[in-house]
Amino acid sequence: MTEQAPVLILLFPFLTAVVVALAGSRYKGLCWPLVLASLGASVCASLTALTQVLENGPIRYYLGGWAPPFGIEFRIDQLNALVAVAVSVVALITAIYSKDNVEAETPGKSSQYYALFLLLVSGLLGIVITGDAFNLYVLLEVSALTSYALIAMGNKRATLAAFKYLVMGTIGASFYLLGVGYLYIKTGSLNMVDIHEQLVALDLAGSPTIQVGFILITVGVWIKMAFFPLHAWLPNSYAFAPTTSSNIMASLVTKVMIYVMIRMVLTVFGPDYAFEVLNWDNIVVWLAVIAILAGSIGALAQKDLRKMLTFLIIAEVGYMVGGVWLADETGMIGTIFHIISDVFMTLCVFLFAGIVFSKTGLRDIYAVEGMFKKMPLTMIGFLVGAFSLIGIPPTAGFFSKWYLIQGGINSGNWEYVVALIISSLVNAVLFFRIIEIAYFGVKPAEGHDAHHGDDHTKISEGPFTQVLPLLATAAIILGIGIFNKEIASIIQDFVSQFNLVAGI
Amino acid sequence: MEALETIAESFNYWIYITIMMIGLYAIVAKNNLVKKLIGMSIFQTAIILFYVSIGYKEGATIPILYHDQVHPPHHEDAEAHHGTEHAIKEAAEETHDEGSDHDEHAEEAEHALSEDSHGSLEIDPNEFANPLPHVLMLTAIVVGVATLGVGLAITQKLYREFGSIEESEIIEQIRDSK
């Protein structure tokens with residue numbers, strides 16, 4: 001059983017999606033327990049895979065017993081084992097949260113919703129564990145198509161946002177597909193490791209075909225992850241989608257795309273090619289700096305809570321793209337660490353936004369007014385997430401930023417370091433504003449006494465299924481922070497094989 | 001002339017990029033959402049064309065082996081030795097069934113045969129078109145159809161909510177409702 005773990009990670013949610021779609025409309029009560037059971041099993045499978053990787057090194061799993069490069073291979077090493085665990089845990093937590101919200105926000109459609117939800121999760125998990133470049137494209141589209149539908153189930157504006165996302169996402173995926181085609185022309189292979197071996201063996205570093213392939217793949221993935229100038233689809237889609245959809249997509253989709261970028265840079269093209277032959281690093285780091293600053297400024301301008309958080313995602317994407325292109329070992333460790341911690345940080349604040357929305361029905365940040373007294377547990381959960389986004393020890397966000405900043409200093413990219421610090425300060429401003437409103441209420445001068453008192457006094461702590469996921473996420477963030485050495489050493493094991501320039 | 005020659009040499013790339021840009025133009029410039037989706041579909045189809053064209057080789061045929069390429073003429077002779085019991089079985093199954101035969105002689109003969117046939121099975125890869133990109137495109141076509149379907153469904157939902165499929169009118173409505 002344990003040697004089948006890699007494929008089981010993906011199969012549990014995938015097959016359950018079919019069951020939920022077929023049986024869910026008749027037996028409504030079954031959906032939620034089935035979803036939980038399948039995601040729980042998926043978490044177990046991914047943890048098994050992680051322990052196996054830590055004990056015996058990378059797993060190569062041949063689907064149907066067909067050896068690569070002809071068959072599809074699932075190749076699991078330290079990097080994707082960690083990301084797979086993070087993805088499946090986030091999916092499970094979001095599923096617990098979804099119990100009341102799905103029925104409330106998409107009445108009468110919960111079985112379809114859950115089927116799409118599970119397909120999204122299996123698509124994302126598939127992207128993470130597959131070792132085949134074309135298979136990755138298919139899974140990319142599986143996750144993208146389901147997320148268009150999940151967003152479009154929201155309100156009026158979400159539908160328009162979903163349409164934009166659909167067009168942009170399709171262009172991104174098409175670019176990726178085109179890039180894979182160019183790689184195939186030169187190497188005759190679709191298996192990621194095999195492509196790299198062919199690139200080295202045939203000495204294709206100077207080939208313009210490979211260069212075009214690299215550019216197309218990178219730009220395609222950038223569109224999908226909402227890297228700054230290509231981010232236009234993200235804010236409205238995630239801000240107006242049903243809360244469960246925005247929880248899972250905000251925390252996972254962009255981060256999984258960053259994983260894809262790291263996989264392409266390190267495993268497929270190799271750091272020598274990506275950082276030395278092309279010699280783009282400085283330009284991309286500057287683009288990342290612009291993305292970080294633009295995301296932070298965009299967030300400052302928002303009054304809608306979830307929309308503000310979506311702009312923070314754009315800034316975080318900038319952190320990670322910049323972190324990769326620092327071309328420095330510490331920076332790379334920081335980026336991978338940041339994927340893991342950012343998944344949970346984003347989930348934490350979005351869960352909070354979801355709870356606030358379902359409790360008050362308001363979207364703007366003044367909805368949190370006086371919440372410390374009414375919902376202390378929820379606010380504690382939020383505080384941990386907010387502190388982590390700001391980067392206050394001992395939360396996970398502090399350590400990942402620490403590595404990123406160190407990477408920036410080692411490689412001499414001071415503009416990146418400055419942007420990171422500015423963005424952390426902006427996060428502090430944003431979150432302390434919310435904390436202030438939640439603790440002291442709105443100042444009368446700000447004139448927001450329209451919804452003062454009356455219906456707000458009735459608000460109390462949310463149901464167990466909403467508070468538990470938030471607190472669990474907060475606990476995980478603290479856990480990652482406390483065990484940061486262990487996680488960083490796993491990542492270092494992975495990164496060290498690529499001989500990146502180590503810091504001083 | 002030189003420029004024309006370079007274009008002619010790689011005209012499949014020029015054509016796919018032209019088609020792709022037509023699609024992109026429709027996505028960017030059209031106001032009607034259905035037209036945008038058609039543009040998106042053209043964009044995806046251009047990539048399918050690109051993949052199909054890279055599997056093409058001049059003078060190549062479909063990647064299927066002919067009967068006499070797999071079963072060279074003397075195969076028939078070896079067959080004649082222990083003919084009757086196999087005679088009923090279908091031609092395609094013959095090689096497999098001989099392996100499970102308990103007759104030692106038959107097995108030996110089969111070994112000799114298989115070595116023989118491998119030796120004479122001269123397959124020149126240049127004679128066959130590369131089937132792999134075509135197979136990949138079957139999947140990509142399915143993905144494209146699914147994307148178009150989801151896109152049209154979303155457009156339908158937009159029409160129900162806003163009563164229009166013109167982007168500018170929808171945006172105006174959103175602005176007014178603010």
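Author: A residue counts as buried when its relative accessible area is under 20%. The model discussed here is predicted.

Reader: Is C348(A) buried or exposed?

Author: The relative accessible area of C348(A) is 0%. Buried means under 20%, so C348(A) is buried.

Reader: How many disulfides does the whole structure hold?

Author: C31(A) is a buried cysteine, with a relative accessible area of 2%. Even so, a search over all chains gives a disulfide count of zero.

Reader: Which residue of chain A forms a salt bridge with D77(A)?

Author: D77(A) lies in the loop between strand 2 and helix 3 of chain A, and its partner is in helix 10 of chain A, so the pair ties together parts that are 186 residues apart in sequence. D77(A) is buried at 6% relative accessible area. The closest N and O atoms of the pair are 3.1 Å apart, and the partner is R263(A).

Reader: Where does K255(A), the salt-bridge partner of D342(A), lie?

Author: The closest N and O atoms of D342(A) and K255(A) are 2.9 Å apart. Both residues are buried. D342(A) lies in helix 14 of chain A, 87 residues from its partner in sequence, and K255(A) lies in helix 10 of chain A.

Reader: Are K157(B) and E161(B) buried or partly exposed?

Author: These two residues lie four residues apart in helix 9 of chain B, and their side chains meet in a salt bridge at 3.3 Å, N to O. K157(B) has 22% relative accessibility and E161(B) has 24%. Neither value is under the 20% required for buried, so K157(B) and E161(B) count as partly exposed.

Reader: How many salt bridges are there between chain B and chain A?

Author: Chain B puts 38 residues in contact with 30 residues of chain A. About 3,000 Å² is buried between the two chains, 80% of it on carbon and sulfur atoms. Eight residue pairs are in polar contact across the interface, but the salt-bridge count is zero.

Reader: Which helix of chain B gives the most residues to the side that touches chain A?

Author: The elements that give two or more residues to that side are helix 2, helix 3, helix 9 and helix 10 of chain B. The greatest share is 17 residues, and they come from helix 9.

Reader: Which helix of chain A holds Y238(A)?

Author: Y238(A) is buried, with a relative accessible area of 0%. The residues it touches include I151(A), W233(A), M249(A) and R306(A). Y238(A) lies within residues 234–240, which form helix 9.

Methods
Residues numbered from 1 in each chain as written. Chains lettered and ligands numbered in written order. Predicted model: local features only at pLDDT ≥ 70, side-chain atom pairs only at ≥ 80, totals over all residues. Heavy atoms only, no water. Buried < 20%, exposed > 50% of the residue type's maximum accessible area, 1.4 Å probe, protein only. Contact = heavy atoms within 4.5 Å. Buried area = accessible area lost by both parts, 1.4 Å probe. Salt bridge = Lys/Arg side-chain N within 4 Å of Asp/Glu carboxyl O. Polar contact = N/O pair within 3.5 Å; in protein donor to acceptor, adjacent residues only side chain to side chain. Disulfide = S-S within 2.5 Å. Lists of a residue's contacts leave out its neighbours within four places in sequence.
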